[in-house]
Amino acid sequence: MVMPRIVVNLGSGNEDKLKIYVDNFEKAYIDSASQYYMTQAPEYLATHGVKDYMVYAHSKLIDEEERARKYLETSQDCDSVSKVSAGQ
């Protein structure tokens, strides 16, 4: 079975593509992850205490950085990984 190839034109230049990526994907991804952890963190902290929470937070930060390297843009012009790490 041959799968059809779908091509989407995101604009004429790299700047247009980068702006579309940042505005439509990167922002939604980071906002969604931030919202998730803002709801999870207080629950985890209340249940497990500060020491375990710090270990949990550190491991989740590493997980998110790895996920960002895998799925987000990492070019010099748009380093999504550093934005995830900084919580922007």
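Helices are DSSP runs of at least four residues, numbered from the N terminus. In the predicted model examined here, helix H1 spans residues 14–71. Two kinds of side-chain contact are described below, salt bridges and aromatic pairs.

Side chains of opposite charge can pair when their charged atoms come close. In this structure, the count of salt bridges comes to four. One of them joins Asp31 and Lys27, with a nitrogen-to-oxygen distance of 2.7 Å. Both residues belong to helix H1 and are four residues apart, about one turn of the helix. Asp31 is partly exposed, its relative accessible area being 38%, and Lys27 is likewise partly exposed, at 48%.

Two further salt bridges were examined within the same helix, H1. The side chains of Lys60 and Asp63 meet at an N to O distance of 3.9 Å; this separation counts as a salt bridge because the cut-off is set at within 4 Å. Lys60 and Asp63 are three residues apart in helix H1, which is about one turn. Both partners are partly exposed, Lys60 with a relative accessible area of 27% and Asp63 with one of 29%.

The salt bridge between Arg67 and Glu64 has an N to O distance of 2.6 Å. These two residues also lie in helix H1, three residues apart, again about one turn of the helix. Their accessibilities fall into separate classes: Arg67 is partly exposed, at 35% relative accessibility, whereas Glu64 is buried, at 10%. Glu64 is assigned to the buried class because the limit for that class is under 20% relative accessible area.

Aromatic contacts were considered next. The structure contains five aromatic pairs. In one of them, formed by Tyr36 and Tyr37, the ring centres are 4.9 Å apart and the planes stand at 80 degrees, so the arrangement is edge-to-face. The angle leads to this class because planes over 60 degrees apart count as edge-to-face. Tyr36 is partly exposed, with a relative accessible area of 42%. Tyr37 is also partly exposed, at 21% relative accessibility; this value does not qualify as buried because that class requires a value under 20%. Elsewhere among the aromatic residues, Tyr21, Phe25 and Tyr29 are linked into a cluster by ring pairs.

Terms used. Residues are numbered from 1 along each chain as its sequence is written. This is a predicted model: local features need pLDDT of at least 70, side-chain atom pairs count only at pLDDT 80 or more; totals for chains, interfaces and linings use all residues. Side-chain values use heavy atoms; hydrogens and water are left out. Rings of Phe, Tyr and Trp (its six-membered ring) pair if their centres lie within 6.5 Å; planes under 30 degrees apart count as stacked, over 60 as edge-to-face and the rest as tilted. Buried means under 20% relative accessible area, exposed over 50%, partly exposed in between (1.4 Å probe, protein chains only).
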